[in-house]
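Colleague: Could you pick one spot in this model and take me through it closely, then work outwards from there? I would like one connected account with the distances and angles included.

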Amino acid sequence: MADHHTHVQDFFTARAADWDTRFPDDAPAYAAAVEALGLHPGDAVLDAGCGTGRALPALRNAVGPHGTVLGADLTPAMLQAAVRAGRDRSGRLLLADVARLPLRNASLDAVFGAGLISHLSQPGPDLAELARVVRPGGQLALFHPIGRAALAARHGRLITDDDLRAEPNLRPLLARSGWRLDAYTDEDARFLALAVRAD
């Protein structure tokens with residue numbers, strides 16, 4: 001576990017300074033994914049593995065001035081980049097591991113996770129931890145601004161059957177972790193899995 005955390009931190013620390021400039025056109029995709037969550041004014045939402053906080057402004061717009069927006073990330077350099085970009089004005093930033101969140105049970109209405117699942121050290125228990133902090137009936141969005149095939153091609157790979165984001169793998173993984181997969185989109189321009197916290 002510690003080795004995994006160190007690897008994730010090293011990976012993102014090296015990329016934090018220019019992360020946003022590498023993906024400058026993602027904002028509309030983030031906004032559309034947040035809209036799909038169906039948040040309401042006053043809701044409480046967590047951006048899990050928030051990175052430089054690119055989802056935070058859209059999340060703030062969705063929950064309004066009286067809602068709660070939290071961004072949690074394991075890598076200090078990514079949170080520092082979020083502050084430099086001014087995104088801390090949209091939500092409270094937490095240096096925290098999504099596998100052990102400093103939040104009460106059922107304290108959130110939703111969790112947003114962009115590019116999150118491939119960086120979880122223990123996907124089942126980690127998704128269960130996200131379920132712990134969400135009220136029954138609350139929502140989870142697992143998002144990436146490009147689909148699985150496009151992402152694999154970007155890294156010079158082909159999709160494999162063991163990809164956690166493949167629907168036949170993701171649906172039972174979520175079910176074992178306290179979630180029910182409600183909607184699944186995997187196209188070139190977007191990956192979005194929407195799940196509901198089981199009662």
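**From one serine to the sheet**

Modeller: Happy to! Leaving aside residues up to four places away in sequence, S177 touches G124, L127, A128 and A131. Please keep in mind that this is a predicted model. S177 sits in the loop between α8 (167–176) and β6 (179–187). Is this loop residue buried or exposed? With a relative accessible area of 5%, S177 falls under the 20% cut-off and therefore counts as buried. Its side chain has polar company there. A polar atom of that side chain lies 2.8 Å from the backbone oxygen of L173, and one lies 3.1 Å from the backbone oxygen of G124.

G124, L127, A128 and A131, the residues that S177 touches, lead us to helix α6, which spans residues 123–132. Within α6, the buried residues are P123, D126, L127, E129, L130 and A131. L127 and A131 are thus buried in the helix and also in contact with S177. As a reminder, an α-helix has 3.6 residues a turn, so residues three or four places apart point the same way. What do the buried residues of α6 pack against? Their partners are β1, β4, β5 (134–144), α8, β6 and β7 (190–197).

Let's follow one of those partners, strand β1. All 5 of the 5 residues in β1 (residues 44–48) are buried, so the strand is largely enclosed by the rest of the structure. In a regular strand the side chains alternate between the two faces of the sheet. In β1 both faces are covered, with A44, L46 and A48 buried on one side and V45 and D47 buried on the other.

Now for the neighbours of β1. It pairs with strand β2 (residues 68–73) in the parallel sense over 5 bridges, and the bridge partner of L46 in β2 is L70. Together with helix α4 (residues 56–63), β1 and β2 make a right-handed β-α-β unit. β1 also runs parallel to strand β4 (residues 108–114), joined to it by 3 bridges. Here V45 has A110 in β4 as its bridge partner.

How do these strands fit into the whole sheet? The sheet is open and has 7 strands, with mixed pairing and the order β3-β2-β1-β4-β5-β7-β6. Its edge strands are β3 (92–95) and β6, each of which pairs on one side only. On average, and with direction ignored, neighbouring strands of this sheet are turned by 15° against each other. Helix α3 (residues 27–36) packs on the sheet, where it touches β4, β5 and β7, and its direction makes about 25° with that of β7. Helix α5 packs on the sheet too, touching β2 and β3, with its direction at about 165° to that of β3.

α5 (residues 76–84) contains L79, which is buried at a relative accessible area of 9%. Again leaving aside residues up to four places away in sequence, L79 touches C50, G51, D73, L93, L94 and L95. L79 and C50 are 29 residues apart along the chain, and their C-alpha atoms are separated by 8.1 Å.

I'll finish with the aromatic rings, since α3 comes back here. The structure holds 4 aromatic pairs. In one of them, the rings of Y30 and F143 have their centres 5.0 Å apart and their planes at 75°, so the pair is edge-to-face. Y30 belongs to helix α3 and F143 to strand β5, so this pair ties together parts that are 113 residues apart in sequence. Y30 is buried at a relative accessible area of 6%, and F143 is buried at 2%. F143 also forms a tilted aromatic pair with F112, at 5.7 Å centre to centre and with 35° between the planes. This pair, too, links distant parts of the chain, as F112 is in strand β4 and F143 in strand β5, 31 residues apart. F112 is buried as well, and it brings us back to β1, where D47 stands opposite it. Through these ring pairs, Y30, F112 and F143 are linked into a cluster.

Definitions and conventions. Residues are numbered from 1 along each chain as its sequence is written. This is a predicted model: local features need pLDDT of at least 70, side-chain atom pairs count only at pLDDT 80 or more; totals for chains, interfaces and linings use all residues. Side-chain values use heavy atoms; hydrogens and water are left out. Helices (H or I, at least four residues) and strands (E, at least two) are DSSP runs, numbered from the N terminus. Buried means under 20% relative accessible area, exposed over 50%, partly exposed in between (1.4 Å probe, protein chains only). A polar contact is a pair of N or O atoms within 3.5 Å; within protein, one must be able to donate a hydrogen and the other to accept it, and residues adjacent in sequence count only if both atoms are side-chain atoms. Contact means heavy atoms within 4.5 Å. Two strands pair if DSSP finds at least two bridges between them. A crossover is right-handed if, with the strands pointing away from the viewer, the path from the first strand over the helix to the second runs clockwise. Axes are lines fitted to C-alpha atoms, for helices over the stretch in contact, and angles run from 0 to 180 degrees between N-to-C directions. Rings of Phe, Tyr and Trp (its six-membered ring) pair if their centres lie within 6.5 Å; planes under 30 degrees apart count as stacked, over 60 as edge-to-face and the rest as tilted.
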